[in-house]
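Work through the following exercises with the sequence and the structure at hand. Each task is followed by a solution in steps.

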Amino acid sequence: EIHIKEPIEKEVNPHLLPGELLLCEASTVYKYMQEDGSNRGTYGKLVCTNFKISFLDDDSASDDNEPQFKNKIVGENDITLQCVDQIYGVYDEKKKLLTGQLRKYPEKLIIYCKDLRVFNFCLRYTKEEEVKRIVSGIVHHSQTPKLLKRLFLFSYASAAPNNTDGRNQTVMFETLEDWRDELERTKGNVRYKAVTTNEGYRVSEKLPLYFVVPICISEESILKYEGRGIPIWCWSCHNGAALLKMSTFPKEQDDSTSQMQKAFLDGIYKTISKPPYELLKLDDLSSSLPSLQDIQTAYTRFKQLFLIDNSTDFWATDVKWFSLLESTNWLEIIRRVLKKAIEVAECLEIQHTNVLLIEESATDLCCVISSLVQVMMDSYSRTKSGFQSLIQKEWVIGGHGFLDRCNHLHKSEKEEAPVFLLLLNCVWQLVQQYPPAFEFTETYLTVLSDSLYVPIFSTFFFNSQHQRDTNRSGESLKTQTGPFRFLTVWDWAVQFDPKAQAFLNNPLYAEKPKPDKSQRKTARFKHQRQLSLPLTQAKPSTKRGFFREETDHLIKNILGKRIGKFINSADEPPNSLREFYDSWHSKPVDYHGLLLPRIDGPEIKVWAQRYLRWIPEAQLHGGGTIATAAKILDLMEEVQSLQVKMDEEHSQAVSGDVHSVPLLRNSARLSSLFPFALLQRQSVKPALPTSTWKDLEDEDDLVKRDDEFVDLSGDML
């Protein structure tokens, strides 16, 4: 062992949250640094609580070298129990997956996290009894099935003082008024109504307390099949066309029941579809999009590319990067989902057709597509509070099974699927293609994805509103009476101080100009985009991009037979989707109008900040978009300070809500994956594949080698 720090002598105690209990600990644990092949690292204490696994060294006690972007709940060396993906033990240099009871205890422990961090701990110098306690404790508390009430969420809610500020602008959609306000905002209240039929959950425990249906739907219809077969309103377009979703009937039914259900559905369709005034398109997402199993398989393969143990592993995969990426199929799934959202947007925007998304439970891919369509078509959903309200409406209250899909309780891996992560990946594509259109940044999306695994917020830890409401009742330690008061993830002050929160806001967001009343009527039905320089004509790419024959395949898909039939639209040209897509991209972008993602060729990218942030070799120091952003932020800070001086001189209040601008020191040395990558974690290896260095040493002719990609800037970026 080399570069070993002496074991720490002073006692370092873990920082415990209200309700957090220390379960087991081990001293003299050695944590390896990942970035090179040497055994450099630091000694410390490894602890496990009912909330997290934490490594404490002498640096943990000091506030020196404090990062600019720090999470107040989960530190750099903390792993929440829900964030643990897999745990491996190393026995005689062989890795073995650890689950359940252990007969033999490992000399090394490797923890792979769902946020893609990898922790390597050496237990050789730890007492045998402590090794047994800490390893079995970590495996038991993070990998075995548990009851819902055993989640730290309940311990925290019963012990923590509820002193959050009430200034959160997010609409929670827990009241009838919230739904009525949303109907009014989207002008959907002419044809749709908010209903109270499910009060007391008398229709279904899967449906929210309040929801919106077409005015012509009766209460008897809603009650008949527990809400199945009922079109539920998601959003209304400016032209009156609406986006709806519907859960289907179970497939295994006897003939008479099936006939009754078919007759019921036909009656429902007839009440909604009134040609030629009101057209309806049905879109069964289970047949037009990948299955949840396909999505889970693709993501499992994809994340393996980023769970890197050391530099050697990184360079070994780097040579085959594009073929490995293609084989996961994850980017292709993102493209298919975005294409489906464009298809729906075309029906609503151009054809003025209502779209009814159909899925077995209407709580998975329905949530993805309806959310994406609203982000693309409604500029309110691109503001921070608007996007948060959208997640509340479609996912939290809409009944997405976060508990099952994230497998928080380790009950069944069959139910697990990264559906919400899929949405965030799709939204990220739009954010990086049209940054001025969004009030939030990619850093916001990254910390939102991390918050999926922080069980002090109720937002992502229930399957439905009914489940949350029934588990809310319980005695609080502080008051001895009353229900639990859960925190919502949208209160960002719980995780970040104001300086860190500034990284979540986009300083270059093009705020919507407020037109005067005389202009409003004329501008309402038009999508004129005049706020930026024109884009070049979007032609099919001649490059093969990320995938072989990718562009050809995409065009075949788009020009091929459309999935789902339109009622009374047989004369629709088969390539109208491509025309819509090309026509939109040939005009300047209106950042407050319709936004269509670019999906041709290599336009679909890897979300580098989320997936590469813990890999030092993948970072460009002083490069990437942060280099540009740092200069802009410096300039904005200067402008703001001048504004303050001018206001002081004129004794005027600053007009508007001015976001604080984060101060970036040493911007030339910032990593391209800032604010997550740390300055001190620089890779000692040059950014070239190892095979290329071997070639240079052997003085081979690199020109003859056409099977490997060599890029001095690092091909992963």
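**Exercise 1: The chain as a whole**

Of the 717 residues in the protein chain of this predicted model, 55% count as buried.

Task: State how many helices and strands the protein chain has, and what share of its exposed area carbon and sulfur atoms supply.

Solution. Step 1: the count gives 24 helices and 14 strands. Step 2: the exposed area of the protein chain is about 34,000 Å², and 51% of it comes from carbon and sulfur atoms. Step 3: for contacts between residues at least 6 apart in sequence, 73% join residues at least 24 apart.

**Exercise 2: The surroundings of Q392**

Task: Decide whether Q392 is buried or exposed, and list the residues it is in contact with beyond its neighbours within four places in sequence.

Solution. Step 1: locate Q392 in helix α13, which covers residues 384-396. Step 2: the relative accessibility of Q392 is 2%; the limit for buried is under 20%, so Q392 counts as buried. Step 3: with neighbours within four places set aside, the contacts of Q392 are T170, V171, M172, F173, I397, G398, T459 and W490. Step 4: take V171 from that list; its C-alpha atom is separated from that of Q392 by 7.4 Å, although the two residues are 221 apart along the chain.

**Exercise 3: The sheet of eight strands**

Task: Give the strand order of the open sheet of eight strands and name its edge strands.

Solution. Step 1: the order reads β4-β3-β2-β1-β8-β7-β5-β6, with antiparallel pairing. Step 2: β4 (78-80) and β6 (94-97) are the edge strands, each pairing on one side only. Step 3: from one strand to the next, the twist averages 30°. Step 4: inside the sheet, β7 (residues 108-113) and β8 (residues 118-122) pair in the antiparallel sense over five bridges, and L109 stands opposite F121 in β8. Step 5: helix α2 (residues 128-143) packs on this sheet and touches β1, β2, β3, β5 and β7; the directions of α2 and β1 make about 110°.

**Exercise 4: The sheet of four strands**

Task: Explain why β11 and β13 each have one side without a neighbour in the sheet.

Solution. Step 1: write the order of this open sheet, β11-β12-β14-β13, in which the pairing is mixed. Step 2: β11 (232-236) and β13 (280-284) stand at the edges with a single partner strand each, so one side of each has no neighbour in the sheet. Step 3: neighbouring strands are turned against each other by 20° on average, direction ignored. Step 4: β11 pairs with β12 (residues 242-247) in the antiparallel sense over four bridges; for I232, the bridge partner in β12 is K245.

Terms used: Residues are numbered from 1 along each chain as its sequence is written. This is a predicted model: local features need pLDDT of at least 70, side-chain atom pairs count only at pLDDT 80 or more; totals for chains, interfaces and linings use all residues. Side-chain values use heavy atoms; hydrogens and water are left out. Helices (H or I, at least four residues) and strands (E, at least two) are DSSP runs, numbered from the N terminus. Buried means under 20% relative accessible area, exposed over 50%, partly exposed in between (1.4 Å probe, protein chains only). Contact means heavy atoms within 4.5 Å. Two strands pair if DSSP finds at least two bridges between them. Axes are lines fitted to C-alpha atoms, for helices over the stretch in contact, and angles run from 0 to 180 degrees between N-to-C directions. Accessible areas come from the Shrake-Rupley method with a 1.4 Å probe; for residues, only the protein chains shown count as cover.
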